[in-house]
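Me: I'd like a close look at a single part of this model: the charged pairs and the stretches of chain around them. Please take me through it slowly, and then show me how the rest fits in.

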Amino acid sequence: MDPAFEDEGHDGDQTVTIQEYLKDVEEQELEADLVLGGDEGKECTYNNGYMKRQAIFSCLTCTPDGNAGVCTACSLSCHDGHEIVELWTKRNFRCDCGNSKFGEFYCKIFPSKEIENVENSYNQNFKGSYCTCGRPYPDPDVEEQVEMIQCCVCEDWFHEEHIGLDSSDEIPRDGEGEPLYEDFICAACSKVCSFLRLYTQIILEARSQNSASVKTGKAKEVIADEVPLACGSGKLEDISQSSNTNSESVSGGEVSLLGENSGKNVCSEHCATDADTCVTCVIGFNLGVASPVSESKPMFLSKNWRNALCRCEKCSEFYKQKHISFLIDKEDSILEYEKMAKQKREEKLQQREGAELSMLDNLGHVEKIEILNGIADIKDELCSFLGSFDSSKAITSADVHQIFENLKKRRRVE
């Protein structure tokens with residue numbers, strides 16, 4: 001029995017309406033689908049190779065050193081009852097379950113695996129540690145769990161107070177407290193990605209509740225409409241001039257925010273037929289010869305920022321050398337992953353509805369009538385119960401049991 005329907009009188013009972021309960025169940029199912037990417041956990045993903053993004057789990061029972069990760073199916077079938085760390089999603093990862101890192105333990109679903117997945121990348125998360133403070137999540141020593149932010153490069157998670165902002169800086173948010181950014185890059189990873197600062201000279205001072213530019217929503221307009229990170233002449237000066245079109249609306253803070261381009265591919269005039277390869281460098285700067293001075297300062301990147309990045313031959317080679325080619329891959333983003341998950345969820349629900357209808361169509365006349373009558377009986381009993389029930393009271397487990405007892409009695413009488 002779901003705890004939401006437990007008897008009254010127990011300490012700490014939570015009482016909810018039927019509508020609230022059903023909504024909560026639906027939200028939990030949606031959240032699970034978004035994290036798992038629509039994976040039902042029936043098959044090991046090993047044969048899919050290094051997947052662009054998938055849900056990954058670490059088993060501390062089998063690999064206490066935190067040097068291995070397993071897919072959803074293996075976490076359920078092979079490591080049931082073990083100490084599991086949920087890692088949300090990881091990029092370019094292949095299931096390790098049962099390989100050499102697990103000793104004599106073999107995968108129950110797909111035992112024929114290579115000794116090691118050499119392209120897999122691991123961090124402290126696989127040991128259950130997060131942030132620069134190395135604390136677990138949830139933290140047993142903290143009463144209220146603080147929201148954490150994930151770096152889109154190293155994929156570690158950070159407490160807001162540990163991301164390395166200056167005392168005068170705040171995380172970019174609008175007047176309602178909603179994030180103004182799509183992705184975050186931590187201070188350590190910003191050294192490798194410091195070239196991103198070449199794409200705009202706008203510095204957003206994000207004093208979420210105190211800054212007039214943020215509070216009035218003007219910052220959103222500046223980011224969306226007045227920061228054209230376009231191919232132009234390929235000169236950095238042109239980008240800088242465009243960025244300062246409305247300097248009155250943006251103050252000189254310290255938090256970098258890559259401009260939004262309204263979903264358009266900014267490389268339009270200077271790109272070859274292949275949309276992923278620019279002929280002229282967007283920034284007019286050879287990153288491979290002289291990279292910008294590295295700076296250990298976190299960056300907040302706005303919507304569609306990946307579309308702004310140059311894809312010329314030299315820049316693409318630079319991304320490859322620095323092992324950050326995923327930055328120009330739109331499918332690498334969490335938003336795309338969740339979009340795919342939502343699509344799979346819709347397809348699954350439609351298939352379920354279709355299967356139910358198909359099942360009825362394949363039944364004989366008598367069986368079909370019995371099922372439809374059973375559904376009608378349940379509906380009538382629920383309507384009768386809710387019609388006479390005191391709405392000021394909570395529904396208890398005894399009430400639910402009584403509904404089914406009444407149905408049994410009705411069936412016996414019939």
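Reply: Let's start with Asp139, which has a relative accessible area of 8% and is therefore buried, since buried here means under 20%. Please keep in mind that this is a predicted model. Asp139 pairs with Arg135 in a salt bridge, and their closest N and O atoms are 2.8 Å apart. The partner sits in another class: Arg135 has 30% relative accessibility, so it counts as partly exposed. This pair therefore joins a buried acid to a partly exposed base.

Right beside Asp139 in the numbering there is a backbone feature worth a look. The peptide bond between Tyr137 and Pro138 is cis, with omega about -5°. Pro138 belongs to the loop between β2 and β3. For background, most peptide bonds are trans.

Now for the wider set of charged pairs. Searching the whole structure gives 12 salt bridges. One of them runs from Glu155 to Arg53, with 2.8 Å between the closest N and O atoms. Glu155 is in the loop between β3 (148-150) and β4 (157-159), while Arg53 is in strand β1 (residues 51-59), so this contact ties together parts 102 residues apart in sequence. Glu155 and Arg53 are both buried.

Another pair is Asp332 and Arg306, whose closest N and O atoms are 3.2 Å apart. Here too, distant parts of the chain are linked: Asp332 is in the loop between α6 and α7 (334-362), Arg306 is in the loop between β8 and α6, and 26 residues separate them. Both Asp332 and Arg306 are buried.

These two pairs belong together. A network of salt bridges links Arg53, Arg91, Glu155, Arg306 and Asp332. If you want one thing to display on your screen, try those five side chains together.

The loop that holds Arg306 has another residue to check. Asn304 also lies between β8 and α6. Although Asn304 is not a glycine, its phi is positive, about 65°. With 17% relative accessibility, Asn304 counts as buried, because the limit for that class is under 20%. As a general rule, most residues other than glycine have a negative phi.

On one side of this loop is strand β8 (residues 299-301), where you will find Met299. Met299 has 2% relative accessibility, so it is buried. Its C-alpha atom is 9.6 Å from that of Leu165, although the two residues are 134 apart along the chain.

On the other side of the loop is helix α6 (residues 313-321), in which Cys315, Phe318 and Tyr319 are buried. Looking down the axis of α6, these buried residues fall within an arc of 100°, so they line one face of the helix. Glu313, Lys314 and Lys320 are exposed on the other side of α6. After the helix comes His323, with a positive phi near 60°.

Strand β2 (residues 84-93) deserves a stop as well, and Val85 is one of its residues. Val85 is at 10% relative accessibility and so counts as buried. Computed along the sequence, Val85 and Gly69 are 16 residues apart, and their C-alpha atoms are 9.4 Å apart in space. Trp88 is in β2 too. Trp88 is not a glycine, yet its phi is positive at about 60°. With a relative accessible area of 23%, Trp88 is partly exposed.

Finally, let's move to the surface, where two patches stand apart from the pairs above. Asp24, Glu26, Glu27 and Glu31 gather in a patch of negative charge. Among them, Glu27 is part of helix α1 (residues 18-36) and, at 44% relative accessibility, counts as partly exposed. The other patch is nonpolar: Ile369, Ile371, Leu372 and Ile375 make a surface area of about 320 Å². Ile369 lies in helix α8 (residues 365-388), and its 37% relative accessibility makes it partly exposed.

Conventions: Residues are numbered from 1 along each chain as its sequence is written. This is a predicted model: local features need pLDDT of at least 70, side-chain atom pairs count only at pLDDT 80 or more; totals for chains, interfaces and linings use all residues. Side-chain values use heavy atoms; hydrogens and water are left out. Patches are made of residues with over 30% relative accessible area and no salt bridge: like charges are joined within 9 Å, nonpolar side chains (Val, Leu, Ile, Met, Phe, Trp, Tyr) within 5 Å. Accessible areas come from the Shrake-Rupley method with a 1.4 Å probe; for residues, only the protein chains shown count as cover. A salt bridge is a side-chain nitrogen of Lys or Arg within 4 Å of a carboxyl oxygen of Asp or Glu. Lys and Arg count as positive and Asp and Glu as negative; His and the chain ends are not counted. The place of a charge is taken as NZ of Lys, CZ of Arg, CG of Asp or CD of Glu. Helices (H or I, at least four residues) and strands (E, at least two) are DSSP runs, numbered from the N terminus. Buried means under 20% relative accessible area, exposed over 50%, partly exposed in between (1.4 Å probe, protein chains only). The arc is that of the directions from the helix axis to the C-beta atoms.
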